[in-house]
Amino acid sequence: MYETLRAPDAPGKKMLSEQVYVHLRGAIMRGEYAPGQALKPQDLAKKMDVSLAVVREALVRVVGEGLADRLPNRGFAVPTFSDRRWQEIAEARRTIEPVLLRMSIERGDLDWESRVRAAHHRLARTPAYVPGEGEHYSEAWSESHRLFHRTLIEGCGNPFLLETFDRLWTASELARRWSARRNPDRDGADEHRRLEEAVLARNADTAAVTLVRHLTLTAAGLEL
């Protein structure tokens with residue numbers, strides 16, 4: 001697969017590095033690498049039939065997204081369940097997102113309400129898993145999930161705050177997937193439904209409390 005993409009020129013190398021990055025990112029997200037597992041550049045280069053430089057470039061990008069750690073004198077590895085960063089990210093989200101949700105409920109117009117309803121409908125109707133592809137979430141469901149949560153707070157109308165949400169979401173996505181696999185009996189669909197109902201009812205207090213509980217359960221799933 002990767003051999004056909006080899007090219008001596010810079011554009012070819014860039015394309016190959018992008019392919020390796022996409023492969024690594026997807027494999028980590030799908031749980032093909034266990035928490036704490038080493039990501040050895042030499043082994044990955046041999047497995048993918050690419051140069052060590054291409055693999056290292058892709059690994060640096062994965063590290064930049066928080067999906068791997070660069071360890072002094074020990075190469076690269078997937079983060080661990082117990083990494084404090086997950087609880088810190090969860091704390092940041094519980095601090096910021098309820099505020100943005102209250103702002104959205106206060107400022108959001110009818111068009112925003114319609115987008116919230118549409119985003120929830122899409123999430124509820126998108127299959128979480130792809131038959132025959134294991135127990136990891138489908139990319140379609142994951143994107144619908146992101147869109148729903150972002151739409152909830154878009155009514156705030158502040159692009160700088162929304163950029164903060166985007167960064168926190170990317171940083172927390174791996175932990176969310178791990179949490180979901182460790183707590184398969186959690187009724188996330190009901191939690192999302194309650195969020196939608198509280199938001200559309202313009203009940204800021206209930207919506208904020210529901211969102212905090214939703215985020216807290218995700219973080220708690222990593223402590224089981």
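**Entry 1. A term, and the model**

I take buried to mean under 20% relative accessible area, exposed over 50%, and partly exposed in between. The model I consulted is predicted. I looked up R202 to apply the term: its relative accessibility is 30%, so R202 counts as partly exposed.

**Entry 2. The chain as a whole**

I began with the inventory and found nine helices and three strands in the protein chain. I then read the elements along the sequence and noted the pattern α-β-α-α-β-β-α-α-α-α-α-α. I looked up the extent of the C-alpha trace, which spans about 60 × 40 × 35 Å along its principal axes. I also looked up burial: the chain has 224 residues, of which 42% count as buried. For contacts between residues at least 6 apart in sequence, I recorded that 67% join residues at least 24 apart.

**Entry 3. The sheet**

I asked myself in what order the three strands of the sheet lie. I found the order β1-β3-β2 in an open sheet, and the pairing is antiparallel. The edge strands are β1 (38-39) and β2 (69-71), and I noted that each pairs on one side only. Between β2 and β3 (residues 75-77), which run antiparallel, I found three bridges. I followed D69 across to β3 and found A77 as its bridge partner.

**Entry 4. Two loop residues with positive phi**

I looked up backbone angles and marked D49, a residue other than glycine whose phi is positive, near 60°. D49 sits in the loop between α2 (41-48) and α3 (52-64). I checked its accessibility: the relative accessible area of D49 is 32%, so this residue is partly exposed.

I marked R202 as well, since its phi is a positive value near 60° and it is not a glycine. The loop that holds R202 runs between α8 (188-200) and α9 (204-220).

**Entry 5. Helix α7**

I turned to helix α7, residues 159-182. The helix has 24 residues, and from its first C-alpha to its last I noted 34 Å, close to the 34 Å expected at 1.5 Å a residue. I looked for a bend and found one of about 45° at S172. At the start of α7, I saw that a side-chain oxygen of N158 comes within 3.0 Å of the backbone nitrogen of F160.

**Entry 6. R177**

I next looked up R177, which belongs to helix α7. Is R177 buried or exposed? The relative accessibility of R177 is 4%, so I entered the residue as buried. Setting aside residues up to four places away in sequence, I listed M29, Y137, E139 and S142 as the residues that R177 touches. Two of these entries also appear as polar contacts between side chains: R177 with E139 at 3.3 Å, and R177 with S142 at 3.2 Å.

**Entry 7. W178 and its surroundings**

I then took W178, also in α7. Its relative accessibility is 2%, and W178 therefore counts as buried. Which residues is W178 in contact with, leaving aside neighbours within four places in sequence? I listed P35, V78, P79, T80, F81, W86 and L222. For a distance reference, I looked up R74, 104 residues from W178 along the chain, and found their C-alpha atoms separated by 24 Å.

**Entry 8. Aromatic pairs**

I consulted a search of the whole structure for aromatic pairs, and it finds three. One of them is W86 with W178, an edge-to-face pair with 5.7 Å centre to centre and 85° between the planes. I noted that this pair links distant parts of the chain, with W86 in helix α4 (residues 84-107) and W178 in helix α7, 92 residues apart. W86 has 3% relative accessibility and so counts as buried.

The pair of F165 and W169 has ring centres 5.7 Å apart and planes at 40°; I therefore recorded it as tilted. The cut-offs matter to that entry, because planes under 30 degrees apart count as stacked, over 60 as edge-to-face and the rest as tilted. F165 and W169 both belong to helix α7, four residues apart, about one turn of the helix. I found both residues buried.

I closed with the aromatic cluster, in which F81, W86 and W178 come together.

Terms used. Residues numbered from 1 in each chain as written. Predicted model: local features only at pLDDT ≥ 70, side-chain atom pairs only at ≥ 80, totals over all residues. Heavy atoms only, no water. Pairing = 2+ DSSP bridges. Buried < 20%, exposed > 50% of the residue type's maximum accessible area, 1.4 Å probe, protein only. Contact = heavy atoms within 4.5 Å. Expected span 1.5 Å × (residues − 1). Bend = angle between axes of the 7 residues up to and from the residue. Polar contact = N/O pair within 3.5 Å; in protein donor to acceptor, adjacent residues only side chain to side chain. Phe/Tyr/Trp six-rings, centres within 6.5 Å; stacked < 30°, edge-to-face > 60°.
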